Each structure stands twice: as structure tokens, then as C-alpha cells.
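This report describes a sheet and the helices that accompany it. The sequence and the structure are shown first.

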Amino acid sequence: MKNLVVYVVEDPTQVGAGVERFLRLQVELSLEHGWAPDDLLLLTNFPFAHRGVAAREVHPPARPKTARITSFYKTWCILRVLDEIGDDESVWYHDADAFQMQPFAESPSTRPLAFTLYATRQRLLVQGGSLFFDRRARPVFEWVWQALTERGCRKDEFALTDAGSVAELQGSFELLDGSWNLGTTDFELRYQLAEKPIRVVHFHPERDRHRRVFVEARNGLGVDPLTPAFRRLLAAEGLAEQRLADADFAPTVEATPVVYRSTSPLARLLGR
């Protein structure tokens, strides 16, 4: 299986230290989990190398203004990777801020494409930050590419969700449980519904709210979804205080009041 991370920016001359920090984290973490360097695919449009793993510099076409930056470049890169992998190979794509917590060597699915869902209040939506796929998924990503480039779709997650109702793509998808992409949105509910242990955490260590939930474990459940090894890597990159990486770190439950606001027209009329 290949481990794919894409980081393509509009202006590659303005790549900052934060971007390189995230890519170093990904390389360190992947090597610790036993990935072979040749199976790490870093696709960027700027130079990067760390511990013998060098990014492959790519040059995508011009982006339509209607398409989100990350969605457009990610989909283009995935289509390129699909051209290169063998019939018996699979790919784990994940965002640069989606971090592997447990070792795994193969896709958890036998379908062409597998993902988790956002449990939003309005609709179920594909989470595009952690995907497992193989060459059979090409028609899906070609459909997403057309949605981004020809139909004015903004995000690949919207297009992937809509692809679920395309007749010729039926049977291509499998829904994974939340342990494969645990993020900050509705963290407490998603954590409780996910299988354990958590396999992939998805958060931005430089954002205060994300750091409180994951790094400091100041969430409503008082649970720590990170491994000690990952905490040490965060501390080494200056993304966690040393005390949070020490062996005796233990989270404390911090009660979080929940204020419910109904979205029904009647409730809005009554001010509830």
C-alpha cells in the first residue's frame, strides 16, 4: 500500500516553516509505523526532503476560481497516482494534518473507495481527509474532477457525496467507522461511536481549539486519543509542551456545557 500526502500551494515561493514542520511530522510518524520510504508519496510543488524521503514536485494545471485550492490539486494528484500504481496496489490518501496513530499495512476495505462521513445536522457528507482506494476508483475521481472543473463544484467532498447517487458508480464505496478519521467537529460523539483504538486523528496542532481537544485532552470526555510516540514527535517540533509528552501525562475531564439550538422553523419562531 502507498501512503499519499499532497501539499500543493498557489505560490510555492511562499511556503513557510509550518508547512515543512507538518511534512516532517508525516515522514517521522510514517517511518515509525513501519512504512518503507519508497511507499511514502509526498506530492508538492516545492522542494522538500527529510530522512531520505524526497517530495515529488508536480505542476498541476490552472485552477478554476470556483474550485477550492486543496480539492482541485488533491484530485489532480490522485488521478496521477492512479496512473502509476499496479492492479494489486492500494493507496491511503490523507491530509497533511491527518496523523496515523496505529500501524496498518493494508486497506480496511475491499471496495474501490472507502471513507468516513461527517455527521452534520443537515446531511451526511463524505470526509475527504482520509481515503483508501485502488485503481478501480478511477471513474469516481474522474467524475469528481469533472465536477470541479466543468460543473462549478467547490469541494471534492461535495462531489464525492453526490457521486453516491450516480448509477454507474454504485458498488464503488464503503463506509468506514470514525476511528479512521477522528476530527474536532463533534469530537465527543464521534469518539464514542468509533471503534478503538483510534487509528487516525485529524487536527491542526497549531490551532488553539484543536490543540485543546487533542494535545491537551481538554475535551468533554477527558480522553487522550494520541499515542505517547506521537506526543514526543509533537514536542520535538515545538507543537506540544514537554509536560504533555512526558510518560506521566494524564488528562483531566473538563466539563463542557452544551447549548442546544433547534433548527426547526417553529423553534426559531419561539426563540428556542
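Two strands are said to pair if DSSP finds at least two bridges between them. Helices (H or I, at least four residues) and strands (E, at least two) are DSSP runs, numbered from the N terminus. The model is predicted, so local features need pLDDT of at least 70 and side-chain atom pairs count only at pLDDT 80 or more, while totals for chains, interfaces and linings use all residues. Residues are numbered from 1 along each chain as its sequence is written, and side-chain values use heavy atoms, with hydrogens and water left out.

**The sheet**

An open sheet with mixed pairing is formed by 7 strands, in the order β5-β2-β1-β6-β11-β8-β12. Its edge strands, β5 and β12 (173–175), each pair on one side only. The table lists four of the strand pairs.

| Pair | Bridges | Sense | Opposed residues |
|---|---|---|---|
| β1 (residues 2–7) and β2 | 5 bridges | parallel | Tyr7 and Thr44 |
| β2 and β5 (residues 56–57) | 2 bridges | parallel | Leu43 and Arg56 |
| β6 (residues 90–94) and β11 | 5 bridges | antiparallel | Val91 and Phe133 |
| β8 and β11 | 2 bridges | antiparallel | Leu113 and Phe133 |

**Strand β2 and its neighbours**

Strand β2 (residues 40–44) is largely enclosed by the rest of the structure, because 5 of its 5 residues are buried; buried means under 20% relative accessible area, exposed over 50%, and partly exposed in between (1.4 Å probe, protein chains only). Leu40, Leu42 and Thr44 are buried on one side of β2, and Leu41 and Leu43 are buried on the other. Of these residues, Leu42 stands opposite Val5, Thr44 stands opposite Tyr7, and Leu43 faces Arg56 in β5.

Between β1 and β2 the chain passes through helix α1 (residues 17–32), in a right-handed β-α-β crossover. A crossover is right-handed if, with the strands pointing away from the viewer, the path from the first strand over the helix to the second runs clockwise.

**Strand β11**

Strand β11 (130–134) is mostly covered, with 5 of its 5 residues buried. Ser130, Phe132 and Asp134 are buried on one side, and Leu131 and Phe133 on the other. Phe133 is the bridge partner of Val91 and also of Leu113.

**Helices α3 and α4**

Helix α3 lies across β8 (113–115), β11 and β12, and runs at about 125° to β11. Axes are lines fitted to C-alpha atoms, for helices over the stretch in contact, and angles run from 0 to 180 degrees between N-to-C directions.

The axes of α3 (residues 138–149) and α4 (residues 156–163) come within 9 Å and cross at roughly 125°. The two helices are therefore oblique to each other: angles under 35 degrees count as roughly parallel, over 145 as roughly antiparallel, 65 to 115 as roughly perpendicular and the rest as oblique. The contact (heavy atoms within 4.5 Å) is made by Val140, Trp143, Val144, Ala147 and Leu148 of α3 and by Asp156, Ala159, Leu160, Asp162 and Ala163 of α4. An α-helix has 3.6 residues a turn, so residues three or four places apart point the same way.

Helix α4 is mostly covered, with 6 of its 8 residues buried. These buried residues are Asp156, Glu157, Ala159, Leu160, Thr161 and Ala163.
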